[in-house]
Amino acid sequence: METKTTETEPLRGRICLVAGATRGAGRAIAVQLGAAGATVYVTGRTTRERASEVGRTTETIEETAELVTAAGGEGIAVPTDHLDPAQVRALVERIDRERGRLDVLVNDIWGGEHLIGGVFGSRTWEIDLTDGLRMLELGVRSHVITSHLAVPLLIRHPGGLVVEVTDGTADYNGTRFRENLFYDLAKTAPVRMAFGLGEELADHGATAVCVTPGWLRSEQMLAGFGVTEENWRDAVEKVPGFAVSESPVYVGRALAALAADPDRARWNGRSTSSGALAKEYGFTDADGSRPDAWAFITAGETGEPDANDYR
């Protein structure tokens, strides 16, 4: 039987909140924090009784909590709509009442994939305004509400960490248009939010970082390509760039490594990626590879890089 130590469970005793943990990156982040020994409150809108507007019933927050516990931590599912301040306030009050502290806050709230299928390549005025504004609500407003209500608990003890999860680094999003104005704003705002929160949190001994996965093989992405995690390479023939994709485990390990780093304040206010953090901390994806999708994507703008060089 393996003996648990601070090396195998560096986050034992830490209290984490992963907002938006139903599936994809959020689920994997919660599970990997649990594997490191943390207690993880997982939130989302899809439960075993009710589905969110995303319309997927195959993943629930209860299942995520069970996976966290199975990984070695303690998973606690709390159904929460992060656009409702009353629900978020109740969530934070519950964590305070039950644990008295919050060490890690991960804002991975999104759930807007169903809104973007037809908007890429369309002009701002050609997109349904309701859909566009909904992207901003899901990707920006929900993050602001959650940080506003949860950070006071997080800064009660020094050493807290806030992670904004988005799509794209500051360098990439800051110099390229993400094909659609609403999506661009929704995915660029978290970068700026981490920068701003970093400025505000520094005096409290806390850290804010923005992290992006690369080309993520989420449940929805795999379903869209008609493959599974076991045979995902079958999609590479149709979409060669998919060869540098990564499983959600990769970004989960990135967050766990960041949370366990006693010197994580050096990342304060910065934007980084799962691939860059893998180089820094030495972890790999579930298959032992170390993909760097953003480096591959950038290199592809001026040449024809070999995907094998970016794994």
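Where is Phe-177 found? The views below come from a predicted model, and the last of them answers with the loop between helix 6 (170-175) and helix 7 (181-201).

**View 1. The buried residues of helix 2 (residues 61-70).** Look here for Ile-61, Glu-62, Thr-64, Ala-65 and Val-68, which are the buried residues of this helix. Seen down the axis of helix 2, they fall within an arc of 160°, so they line one face of the helix. A general point helps in reading this view: an α-helix has 3.6 residues a turn, so residues three or four places apart point the same way.

**View 2. What covers helix 2, and what follows it.** The cover over the buried residues of helix 2 includes helix 1 (24-35), strand 2 (39-44) and strand 3 (74-79). Just after helix 2 comes Gly-72, with a positive phi of about 120°.

**View 3. Thr-47 in the loop between strand 2 and helix 2.** Thr-47 counts as buried because its relative accessibility is 13%, and the cut-off for buried is under 20%. The Thr-47 side chain reaches the backbone nitrogen of Glu-49 at 3.1 Å. Leaving aside residues up to four places away in sequence, Thr-47 touches Thr-60, Ile-61, Glu-62 and Pro-79. Two of these names, Ile-61 and Glu-62, may be familiar from View 1, where they appear among the buried residues of helix 2.

**View 4. A nonpolar surface patch with Phe-177.** Together, Phe-177, Leu-181 and Leu-185 make a patch of about 280 Å². Phe-177 lies in the loop between helix 6 and helix 7. With 53% relative accessibility, Phe-177 counts as exposed, since the cut-off for exposed is over 50%.

Note on methods. Residues numbered from 1 in each chain as written. Predicted model: local features only at pLDDT ≥ 70, side-chain atom pairs only at ≥ 80, totals over all residues. Heavy atoms only, no water. Buried < 20%, exposed > 50% of the residue type's maximum accessible area, 1.4 Å probe, protein only. Helix = DSSP H or I, 4+ residues; strand = E, 2+ residues; numbered from the N terminus. Arc of directions from axis to C-beta. Contact = heavy atoms within 4.5 Å. Polar contact = N/O pair within 3.5 Å; in protein donor to acceptor, adjacent residues only side chain to side chain. Patch = residues over 30% accessible without salt bridge, like charges linked within 9 Å, V, L, I, M, F, W, Y side chains within 5 Å. Areas by Shrake-Rupley, 256 points an atom, 1.4 Å probe, with all protein chains shown as cover. Salt bridge = Lys/Arg side-chain N within 4 Å of Asp/Glu carboxyl O.
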